Amino acid sequence: MQVEQNKATAENGSASLTISFDTAELMIATLGPNDELLRILSGAYPQVSFRPNGQSLALVGEPQQVRKAQRVTEEARSLATRGSRMSAETIEQIIKMLSAGNPDAPTDVLGLKILSGRGRSIRPKTVNQKSYVDAIEDSTITFGIGPAGTGKTFLAMAMAVAALQDKQVNRIILTRPAVEAGEKLGFLPGSLTEKIDPYLRPLYDALHDMINPETIPQLLEAGTIEVAPLAYMRGRTLNDAFVIL
């Protein structure tokens with residue numbers, strides 16, 4: 001992508017620049033079909049006029065806002081070049097990260113691919129998620145603390161599956177406390193495995209998003225993936241394992 005900067009006009013104090021894309025496909029991937037993502041940029045920077053023309057995009061308006069819009073467009077283009085699928089959420093995350101002045105570039109955060117599976121790529125979506133993934137990569141033990149829905153279990157599971165696929169570990173062990181809610185564990189029907197299954201369902205849900213469901217029973221039977229309640233982990237020796245507690 002090339003950027004041509006024009007001098008700000010003295011008459012109205014506006015600035016203009018033109019961003020040229022190498023291909024029409026890259027421009028569509030960056031701005032979305034029918035410029036649907038461009039409308040998000042227009043809403044975020046109302047003082048900037050966005051004018052697509054062929055394989056270029058002209059930005060005209062208040063100088064500071066033009067520079068901000070340029071940076072967002074460049075980050076989106078970099079992600080699209082890496083093969084990331086652009087969406088409204090992605091554009092909004094780029095705008096949010098740049099506005100917050102985070103030291104990590106949005107491309108480095110949103111472009112980090114942890115795992116590819118079942119037709120999609122799993123990537124961190126926020127700076128904190130990127131920091132969490134980096135901590136898991138660099139440290140032997142990582143504590144992830146946060147409310148439900150912030151990606152603690154899901155990202156840890158993605159890192160575990162990636163490590164298993166890369167042969168960094170030989171098995172994955174998933175464990176959590178059997179927190180009872182109404183019924184005592186001993187009164188639930190079935191074997192021990194069947195008793196604890198309801199408590200481990202969030203781990204299974206994440207696993208099914210990353211691995212072909214048909215292979216999961218084979219991995220469980222072979223012990224490559226093991227699911228157990230936390231109370232049964234005391235005293236065990238866990239070599240070459242990725243353990244999620």
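This dialogue reads the pockets of a predicted model and one of its residues.

Me: What should I know about numbering and the model?
Reply: Residues are numbered from 1 along each chain as its sequence is written. The model is predicted, and totals for linings use all residues, while local features need pLDDT of at least 70.

Me: How is empty space found, and what is the volume of the largest pocket?
Reply: Rolling a probe the size of a water molecule over the atoms shows where empty space is left. A pocket is an open set of points on a 1 Å grid over the protein atoms alone, where a 1.4 Å probe fits, with protein on both sides within 12 Å along at least five of seven lines. Points join across faces, edges and corners, and volume is the space filled by probe spheres set on them. Here the largest pocket has about 1100 Å³.

Me: Which residues are closest to the centre of the largest pocket?
Reply: Lining residues have an atom within 4 Å of a point. Of 38 that line the largest pocket, Thr142, Ala156, Phe242, Val243 and Ile244 are closest to its centre.

Me: Is Glu75 buried or exposed?
Reply: Buried means under 20% relative accessible area, exposed over 50%, partly exposed in between (1.4 Å probe, protein chains only). Glu75 has 8% relative accessibility, so it counts as buried.

Me: What is Glu75 in contact with, leaving aside neighbours within four places in sequence?
Reply: Contact means heavy atoms within 4.5 Å. With those neighbours set aside, Glu75 touches Ile94, Leu98, Ala105, Pro106 and Thr107.

Me: What is the volume of the second largest pocket?
Reply: About 650 Å³. Of its 22 lining residues, Glu89, Ser121, Arg123, Pro124 and Lys125 are closest to the centre.

Note on methods:
This is a predicted model: local features need pLDDT of at least 70, side-chain atom pairs count only at pLDDT 80 or more; totals for chains, interfaces and linings use all residues. Side-chain values use heavy atoms; hydrogens and water are left out.
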